[in-house]
Each structure stands twice: as C-alpha cells, then as structure tokens.
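Here is a short report on one protein chain. It runs from the overall fold to a single helix.

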Amino acid sequence: MTTQQTACILCSRNCGLTVEVDEATGRLGRIEGDELHPVSKGYLCQKAARLAHYQEHDDRLEHPLRRKPDGSFARVSWDEALREIAARLVAIRERHGGRAFAFYGGGGQGNHLGGAYSRQLGKAMKSRFVYSALAQEKTGDFWVNGRLFGDQRCHLTEDVEHAEFVLFIGTNPFQAHGIPNARDTLRELSKSTTRTMVVVDPRKTETARLADVHLQVRPGTDAFLMAAMLGLIVREGLHDRAFLAARCTGFEALEQELGTLPVEDYVRRADVALADVERVARAFARARTACVRIDLGLQQSLHSTLNSYLEKLLFLVTGHFGRAGCNNFHTSFMPILGNTDERLGKHPRTAHHQMFPIAGLYPPNILPDEIEHPGEDRLRAMVVDSANPALTGADTAGYARAFARLELLVVVDVAMSETARLAHYVLPAASQFEKWEATGFNLEFPDQAFQLRHPLLPRRGESLPEAEIYTRLLEEMGELPRRFPVLELIARREPAATGHLGAIAALGAAIATRPRWAPYAASILYRTLGPALSTARARPGLEPPAAAVPLLALALAYAARYPREVRRAGHQGNRLTLGSALFRKILDTPQGTLISRHDFADAWSFIAHDDGRIHLDIPEMRGALEALRREPPPDATRPLVLLAGERRSYNANQIFRDPTWRRVDRDGALRMHPDDARALGLVDGGRALCSTDGGELTVTIELDDALRPGMVTLPHGYGQRYRGGAPHGPELNRLTVRAHCDPLARTPFHKHVPATVRALDGAGG
Ligand code: SF4
C-alpha cells in the first residue's frame, strides 16, 4: 500500500484526497480528506469514500471497438480505428463542410485537461459547434454575465464563509455542495447568532433545516419572489444609491419598473407570507455584507435566464458586490468558457433552431433537431467525449432516434455508456486515476488554487489519455506531421534552468512560419516538449507527465496577466520566468497549490465594458420582467410538479455505473408528500406510474414530508444499463421534453416538469 494525493471527481468542489493504493492489485483502498489541499483542507463528504466504484467495474473499456452491422461491437486496433475514423471525418468535411460536425462534452466534474487536446478536433473539422452539458445548466447565467459585465467569462462566486447575510435560492449546498466545505460552512453559519441564513426552496432541505428563515415557495415562482423582493427594496428606498451611481449604468431605466411591481400579487403567487418576504428583503438590503448563492433549482426552473438576472440584481442594487462577504468575480486558470456575444454575429447559428452559442457552447436541448434537420446543412458526424447525452439530455428516446441518423458517431470514454452503445466507434480513455488530470472549475476568490492530479494506477488494457488519442487522430487526418525533429531536439537539449521557455519560443517561431499549425499547439507541445517534462514525483510504471504540458502555456499567460497576485501567492520570478516557476510548482505539488492572491477591490478590474461599469439595463430581461405581469397561472392539467434531478446522498454524475456504489436509495425513489400519497392511494415503498408529456416511468414511492404538497422529486444520475442490462433506477429523461425550456438559452426546465402519478395495480394503499 502507498498513500497518494488526488481529488474527488464527483462534484465541482473537487475536494483534495489522500488515497491508499494497493500496488499489487492496482486497487484503491482507504480514501480520506487531504489536509494539505489548499482549498478543501481535509474536508470531504460521504460520496468520496466510494470512488473505487468509478475505477473498478464491469463496464470499463479496455480496447477500441467498432460496431458491426448487427449492432454488436468488435475489437479493433488503435491504428485501424483511428485510420478509419480519420478517413470518414475528412470525407464528411470535404463533402459537407464544417457545419456537418459537432463535438460534445470534453470533461465533467474532474477531467478538463483532455479538453486542450479534444477541442483541436473542431479546428481540424472547421467546425465551431461544441455542445456541452454545461449548456443545459448555466448558459443563461453566462449570457446575463456577458450583458452585465461585458464578457460571458465574467463568472461570479460568493463569499458565503464571511457574509453577515446569506440568501440561498434554489440550492441545497448540504447535498449539492458548490460552496467551500459546504457542511462545515453551513453549520458555522447556522450556529452564529450574528449572521443570518435564508433559504428559498419548495423543499425543507437539509440546508433549509439549518436556516433562520425558510421561504417554502411554490415551485417555479422564484422569479416572482425575487421580483417582489426587488420591488420592496426599491419602493422603500433600500437600494444603494451611492454604489449604483459610482459603479453601474442603467438603473434609472429599471427603477420605474421595479418600483411599480405588484409586490403583494407576486408574493401571493409564490405562496409565502408577505411579512416574511418583507423581513428578508429589508434585512438583506440593510446587511453590512450579504451574498446570494444559487444553483440548478433556479437555473433549470421556469424563467431560467430571467432568474439569473434577478438574483444578480438583488446583490447589485443593494451594493453587495466586490467586497469581502459579498458576491465577487474569480479568476480562471483553464479557459473553460468563451465569450460569444450573439449581437456581434461572429459565431455560427445552428441550421435548424438558428441557435447561437453562449460562452462558446451550444445547448444539448436542440441537438436531436439539428441532426434530424431536413436540410443539406444538417449535423452528420459527432465525437462525444466524457459525456453521456443519450441518458443526460432531455428526451432520451429523441436522442436515440437522432444518433441513429448520424453518419459517424465516435465516443471517447472510460466506460461503455448508453451513448457509447449507439456509436460507430468507441475509444477507451484512461480513467481519471490513471492519467494526469485537472479541473477547470476553480471558483475561488480572492485566493485561487489549482491542482494537477498525478496518476495513481497504471492504465487499463489499451486505454489511452486524451492527449494521445486526439494527437494521433490529427496525425491520421493529415493535420499534423508525426515528428517535429527541430522542436524535439530543442526541447531535449534545453537546460532545466530556462523553464522550457526556449521550447515555447521555438514553437512560436515554427507557428509563425506554418500558421496552419497554430490551432494544434497543445499536440505539438505534447509531442515535442511533453517527453522532456519531468518531475521527481512521477512514479515508475505510471503515465509520464507529457499530457500536462499545455499547463505551461496557461501558467505563462496567467502570470503575465496577474504578476503581482501570483507573486503574492508565493511564486517567484521575473517577467519572463514567473509563469514557468508557477508551472513547475503546479507540476511538483500533487496536493494542489495556491496560484494567486487578489484583493477584493480587484473585482472592478475584471469588468470588461469599456466604461468599467456594470450595465444593469438589459432590454431582453426588462421585457421578460414586464412579461411576468401578464403571465397566466401554470396549466393545471397535470396536478403535480416533478423536480427531475434531485441531488441526494447517493447520487452523483454519470461516472458511477455500478449500482452497488449506493448505500441507500437503490431504486432512486420518487419522493412525494404524505398528503399527496394518501389522496392518490399510494404507500411508502409502493410502485406507481409517473407520467409527463415526455413519457412514463415506473417508480418506487417514498414518502417525504419535507416536500411541498403538489411536488414530487426524482434523482439524477440513475438509469445506467450496467453490463448492458435493464436500467438501474429512473431513466429520468424519458420524462423530460426538449421544448419545455428557456426561450433564450434553451435551458431545460427540469426542475418544473408537470406530471401525474398513479398507483400501479395492487401497488397502492
Ligand atoms: S462529492 Fe463530496 S467529497 Fe466529492 S468533491 Fe463534492 S463535496 Fe467534495
């Protein structure tokens, strides 16, 4: 047994771990929180202890596979698979152009390092269509950030740990995490007599139980509640006039609208007590420091993009921004998001929906239509990487139908997923514990950290890291030569003291003379400088660190942008060497390292608008806010509202396939208030049929008086056909409908699906 450092890959917090590794069997043993991790500092939740179920299970892929005409798969060599895929991709590109190709995925909660390589394929295919699960969650938020702050990459975080007043809306950090060391932070907040925690949620969640005030709103009415709070704040003059005058534009246009909102009507619609809303709105506005933390309960519910706008208005009109204990920006080390303002017309719209990208990403909700589009410009070929849209996209049946129409579907994954079963080729990636890996979800401020995870175990079978898979594919496509003799020589001979800057300069010179190489800098570095990278921490028999080489370029860029802040985090070097010193520290510190230390006041330098101000007035959002006044009550044909995708103790993203990882809730039960169950003749543990406009599922009933009557919940992360068998737990997206989505960002309204539930014969009470 040896003890190694890595991170949990089950949610965006990526808590640092120490893991016992059995060298003889190649298995993971005891898993604990890593005290040395710069952010989580030893914290972890119960899910991390079960990570061995991700590493070891029967759906792991070990060899490249090609689908046979009868639908089964045959093992093929890497050379054969990549040669055939390359030939088919090139033929599709030559015949139909870049619009015929889309890339999907490129990383989840823990694997973003491969993205530096996989994104190159889009360039080779002359395609800018990148679909991502992030675009069925957060793109409405990114769009609003773009308008408010001038760049869709101006992403926000919240200083919950130091806020006097915290407003959680549509989030249950106790289960969903998303804030530093969530359970400890919530308990601290709850215990304090000088701080206030308010939760807005239709469920009495674990977080709500710790709160000072719980507003148990009617599902889907968050926009009404937030608008009412803003109306109260403006009506009572509690907005921060000095902040608005000094830092914002456009408040005048909003003031009239906010000041005349029908507050009492909206509060009635949300079905909470007016006195409670008044108390919360006043205390939030008057607090010395306050922040708002939201998540998918808000972003995947009715009025998704408007919700993102209103929650930001709450902390902006009250001046709770750019200070300790408030909402703030954060830096980004890995470029996960782009900035694609649709008003500039620079980014292609899709053929069928004429949809534009937000932050560079297209929404999964439109993907099946883009494949089934009747025109010549339809989508014909896709590579899906580390994602399982056949199970996670709204409308599972629609996805299966559309994927069957693709001329080429290639899946790169660790496991035989539901999407992989639909593919023409399946390429096995090394697991996140068998290669160098990292996450781009670094949301910390003012201190920022980064962890490059070292491999713990040898690769399984013929699996390869993404760096190797995509570089070989580009070589097969004729985009890159297989050797770069001059660059290889420079990288090999360069003395360690120069921090690889000679290799970087040589690459720059090579690209200057051959600009067609420019999009493939990651693969060229991987082939040339990669083999020369070394760290004393690399272990024999495991993957060498070559795939980590793009981080050198990122470290150089980060240090050039934030030299003072990088030095404050303890890194040393001059204008030329600071970035390579940062890279060296990242490479040699498997527990992760602080990379920069900002001041809160630096937030203002992040704003991208030329005037340096926050532009509060967004005409589309003002229109949506006005439209709330005329919105009819929701259709009552289906009497229940299904929250599709609840986070629970034993669900996670799709990377757990072996159902035995769950200690409880093996069926992924449908939770229902006892009063609703009684009215429907259902009992705890009984079987029932849940129906929506999308389809129906047989479910197990679990009574839960924490829910508001009238709502039912099902968990995400179930439905896998482990070992090719029947689905384990609910295939949730058989119930969701693609058209039930936000009109702007196309985010599905998963948290508000009209539903009916009835007892199956003999199963009720
Ligand atoms: S699932 Fe738990 S242990 Fe894993 S990263 Fe999230 S909070 Fe940390």
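The sections below cover the model, the whole chain, the domains and helix 12.

## Model and numbering

This is a predicted model: local features need pLDDT of at least 70, side-chain atom pairs count only at pLDDT 80 or more, and totals for chains, interfaces and linings use all residues. Residues are numbered from 1 along each chain as its sequence is written.

## Whole chain

The chain holds 26 helices and 28 strands. These are DSSP runs, numbered from the N terminus: helices are H or I with at least four residues, strands are E with at least two. The radius of gyration is 26 Å, close to the 27 Å of the globule rule for 765 residues, so the chain is as compact as a globular protein of that length. The radius is taken over C-alpha atoms, and the rule is 2.2 Å times the number of residues to the power 0.38.

Along the principal axes, the C-alpha atoms fill a box of roughly 75 × 65 × 55 Å.

## Domains

The domain assignment, automatic or from a database, gives domain 1 (2-55), domain 2 (65-135 + 337-444 + 447-597), domain 3 (156-329) and domain 4 (634-759). The centres of domain 1 and domain 3, over C-alpha atoms, are 34 Å apart.

## Helix 12

Helix 12 covers residues 274-286. Its buried residues are Val277, Val280, Ala281, Phe284 and Ala285 (buried: 20 or more other C-beta atoms within 10 Å of the residue's own, with C-beta atoms placed from the backbone). Seen down the axis, they fall within an arc of 120 degrees, so they line one face of the helix. The arc is that of the directions from the helix axis to the C-beta atoms.

How values were computed: The expected span of a helix is 1.5 Å times one less than its number of residues. A residue is buried if 20 or more other C-beta atoms lie within 10 Å of its own, exposed if 12 or fewer, and partly exposed in between; C-beta atoms are placed from the backbone.
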